[in-house]
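User: Hi! Could you pull up the model so we can go through its voids and the ligand site together?

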Amino acid sequence: MAAAAVCAWLVNAPSGLRGQGANPVVLQIKAGEATLHVSPTLYGLMTEEINFSYEGGLYGELVRNRSFKEDPKEAVHWQLVQPAGASGSMALDPSQPFNAAIPISLKLTVSQGAVGVANEGFWGIPVRPQTRYRASFYAKAAPGFSGPLTIALTSNDGATIHATAQVKSIGGDWKKYEATLTTKDVKPSSENRLAISAARPGTVWLSMVSLFPPTYANRPNGNRPDIMQLLADMHPAFLRFPGGNYLEGNTIETRFDWKKTIGDISQRPGHMDDGWRYWSSDGMGLLEFLEWCEDLHMQPLLAVYAGYSMRQVRVAPGNDLAPYVNEALDEIEYVMGDANTTWGARRAKDGHPKPFPLTYVEVGNEDNFDRQAGSYDGRFAQFFDAIKAKYPQIQVIATTRVTGRTPDFVDEHYYRNSEDEMASHAHDYDTRPRGAGPKVMCGEWATRVGRPTPNMSGALGDAAWMTGMERNSDLVILSSYAPLFVNVNPGAMQWPTDLIGYNTMASYGSPGYYAQQMFSSHHGDLILPTTDQGVPMKDWQPPAGRRGADGTQPPPRPVQQVPTLFYSATRDSKTGTIYLKIVNRLSTPQPVKVEISGLASVESKGQSVVMAASPDDTNSIAEPTKVIPVSASVDGLGANFTRTFPPYSISVLEMKAK
Ligand code: AHR
């Protein structure tokens with residue numbers, strides 16, 4: 001059943017059918033008894049370099065292996081362009097280092113004819129009509145060669161030149177050369193390459209070859225506009241960065257070493273993202289993360305390296321850990337210090353004099369995986385004390401439970417492998433004791449159904465889970481799905497079920513993406529107490545536990561009863577509008593009798609937003625909007641009404657009330 005078909009069911013259903021076929025669920029909304037508030041920061045984003053999130057993803061750079069460091073032995077993603085009759089060679093040349101950060105370069109020797117080197121990009125280079133590309137490279141000529149060099153965007157076979165420019169003369173010392181490549185009326189395509197060539201004999205060395213298309217808000221070194229727009233449409237409150245496993249690295253050396261990610265991109269060494277097994281240019285560095293926040297009006301939620309890397313490498317608290325604590329304090333100063341501070345001044349020098357606001361700092365990532373008992377307790381305490389001493393206003397987030405200090409937040413991660421499993425946990429926070437302890441950040445969560453991106457079943461699990469977080473957002477203050485991005489080209493994905501997919505030319509939001517957009521765009525500031533009667537339950541057999549070390553299979557877990565209908569009701573205290581969210585996981589329409597008390601009146605006319613589709617339905621590059629929410633005006637609402645919700649649907653009802 002396609003999304004449109006389900007919606008047609010809703011519109012065309014004979015009125016006699018509404019409310020029949022199943023017993024109505026009764027929802028009592030006590031609108032006059034709201035005391036708790038919806039967290040204004042509930043809906044945020046989590047990001048890291050995974051699935052080619054930035055490289056070949058959000059970060060606009062189109063040249064892959066621009067500094068030739070990706071592989072020490074060969075110039076991967078580059079090829080020699082040597083037409084018939086021409087001859088020459090290309091090779092990595094450590095004897096001609098570009099600089100201390102990039103101690104290598106690419107040597108191009110032309111012996112005869114026109115010879116060049118070409119970059120294949122990240123699964124091709126997107127070429128679009130009437131588009132300006134900013135090309136740049138560093139070059140140094142051997143004695144006897146002075147250019148010119150031609151830089152061109154061409155088809156993969158070189159037969160079609162989409163745009164070209166010439167650098168007339170090349171000097172004998174490293175220097176940056178820039179050119180604008182402007183396409184004419186070309187057909188959009190990704191089967192292209194960027195070539196730099198010379199038609200005279202001689203030798204030239206190249207480094208930091210870069211090509212940028214137009215970027216979001218025209219930022220230099222900026223981001224891909226289509227993906228940024230998808231994010232902007234989610235209205236996220238914060239961005240948790242830079243990880244995730246990407247923050248930690250497998251070893252201390254491969255952590256996100258923020259000081260190596262700032263300043264001129266030609267001075268950034270880049271590093272191996274060994275957790276996810278590919279090279280990061282670090283073009284998306286600390287300042288770029290912050291500017292991304294600025295562009296989308298999100299608060300930064302900065303995760304600092306906490307002295308633990310994933311191969312069970314850890315730094316002992318005390319003197320050994322002190323340099324890493326100082327590194328974190330410097331990082332915080334880079335973000336929020338004014339230009340009179342050492343690192344605030346460095347940020348100003350890097351192009352952003354204005355400090356960024358910073359409320360949340362997370363110490364590490366998933367330190368529950370640190371198998372040395374008590375290690376995180378000691379490490380967390382040292383970071384916590386140092387951060388609070390200098391910045392008492394900062395809310396410090398622990399990545400797992402600690403003793404000894406009371407963090408402001410604990411970050412909880414929930415990846416669930418089925419819709420039923422996620423739904424079975426959607427009421428967990430209802431009974432979580434409230435008290436003086438830490439608040440909750442649900443910093444990674446997802447229903448892992450659908451690959452590369454969630455299908456409608458995944459979205460139903462996600463929506464059920466979100467009703468639980470929203471209903472309890474006096475406790476759950478921050479939440480973010482993970483992973484956010486996946487490049488859907490072959491070989492790019494390390495982690496299936498990611499919110500937003502893209503290839504070289506296009507991007508799309510999954511049904512899970514649209515479910516989040518529906519939630520984050522439609523809520524009030526007051527949580528309305530709600531009770532239910534008659535929610536149909538469904539049997540769910542939880543999967544078997546893991547085999548023991550001796551290979552024995554544990555006994556089957558008991559079958560659970562899981563609700564099929566989920567809800568959350570909030571109200572805007574200024575406008576009076578009530579937002580009622582209903583998730584119907586059944587394959588049949590579900591009538592719901594809504595009884596709203598405590599208000600003078602609820603108007604009969606309102607708005608609905610409904611996303612409905614079969615569980616396996618999904619979006620993709622080919623069908624980016626197969627499953628999307630549909631908005632409509634509705635009638636028949638009020639303080640007491642019955643409305644039938646379509647099979648497999650996520651709905652928001654907006655009701656005007658006084
Ligand atoms: O989201 C993918 C990974 O899952 C994150 O890097 C890590 O924090 C978690 O284990």
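User: What volume does the largest cavity have?

Analyst: About 150 Å³. Bear in mind that this is a predicted model, so every value here is computed from it.

User: Got it. Which residues lie nearest the centre of that largest cavity?

Analyst: Glu55, Asn65, Arg66, Trp279 and Ser281 lie nearest its centre, out of 19 residues that line the largest cavity.

User: And how does the lining of the largest cavity split by class?

Analyst: Eight of its lining residues are nonpolar, five are polar and six are charged.

User: How many cavities of 30 Å³ or more turn up in the whole structure?

Analyst: Searching the whole structure gives five of them.

User: Okay, over to the ligand. Where does the ligand sit?

Analyst: You'll find the ligand in the second largest pocket. That pocket holds about 390 Å³ of space. It is lined by 20 residues, and Glu366, Asn368, Phe369, His413 and Tyr415 are the closest to its centre.

User: Which strand gives the largest share of the lining of the second largest pocket?

Analyst: Strand 22, residues 409-416, with five residues. By class, the lining of this second largest pocket comes out as seven nonpolar, seven polar and six charged residues.

User: Which residues are around the ligand itself?

Analyst: Here's the list: Glu48, Ile50, Gly244, Asn245, Trp276, Asn365, Glu366, Tyr415, Glu444, Ala482, Pro483 and Trp495. Sorted by class, the shell around the ligand has six nonpolar, three polar and three charged residues.

User: Nice. What distance separates glutamate 366 from an oxygen atom of the ligand?

Analyst: There, a polar side-chain atom of glutamate 366 is 2.7 Å from a ligand oxygen atom. Tyrosine 415 also has an N or O atom in its side chain at 2.7 Å from an oxygen atom of the ligand. For asparagine 245, the partner is a polar backbone atom, with a ligand oxygen atom 2.9 Å away.

User: How much of the ligand's accessible area does the protein cover?

Analyst: The ligand has 280 Å² of accessible area on its own, and the protein covers 94% of that.

User: Since the ligand is in the second largest pocket, what's the volume of the largest pocket?

Analyst: The largest pocket comes to about 620 Å³. It has 24 lining residues, with Lys176, Pro220, Asn221, Asp264 and Ile265 nearest its centre.

User: Which elements give two or more residues to the lining of the largest pocket?

Analyst: Those are strand 8 (132-141), strand 11 (175-182), strand 13 (202-212) and helix 4 (286-295). Strand 8 gives the largest share, four residues.

User: How about the classes in the lining of the largest pocket?

Analyst: Nine nonpolar, six polar and nine charged residues.

User: Switching topic to backbone geometry before I set anything up. Where are there cis peptide bonds?

Analyst: One runs from glycine 147 to proline 148, with omega near -5°. Proline 148 belongs to the loop between strand 8 and strand 9 (149-155). Another cis peptide bond joins arginine 451 and proline 452, with omega about 5°. Proline 452 is in the loop between strand 23 (439-447) and helix 9 (456-471).

User: What is phi for phenylalanine 52?

Analyst: Phi of phenylalanine 52 is near 55°, so a positive value in a residue that isn't glycine. As general background, most residues other than glycine have a negative phi, and most peptide bonds are trans.

User: And where is phenylalanine 52?

Analyst: Phenylalanine 52 is in the loop between strand 3 (45-46) and strand 4 (78-81).

User: Great, thanks!

Definitions and conventions. Residues are numbered from 1 along each chain as its sequence is written. This is a predicted model: local features need pLDDT of at least 70, side-chain atom pairs count only at pLDDT 80 or more; totals for chains, interfaces and linings use all residues. Side-chain values use heavy atoms; hydrogens and water are left out. A residue is near a molecule or strand if one of its heavy atoms lies within 4 Å of it. A polar contact is a pair of N or O atoms within 3.5 Å; within protein, one must be able to donate a hydrogen and the other to accept it, and residues adjacent in sequence count only if both atoms are side-chain atoms. Accessible areas come from the Shrake-Rupley method with a 1.4 Å probe; for residues, only the protein chains shown count as cover. On a 1 Å grid over the protein atoms alone, a cavity is a set of points where a 1.4 Å probe fits but cannot get out, and a pocket is an open set with protein on both sides within 12 Å along at least five of seven lines; lining residues have an atom within 4 Å of a point. A molecule sits in a cavity or pocket if more than half of its atoms lie within 2 Å of its grid points. Ala, Val, Leu, Ile, Met, Phe, Trp, Tyr, Cys and Pro count as nonpolar, Asp, Glu, Lys and Arg as charged, and the others, Gly among them, as polar. Grid points are joined across faces, edges and corners, and a volume is the space filled by probe spheres set on the points.
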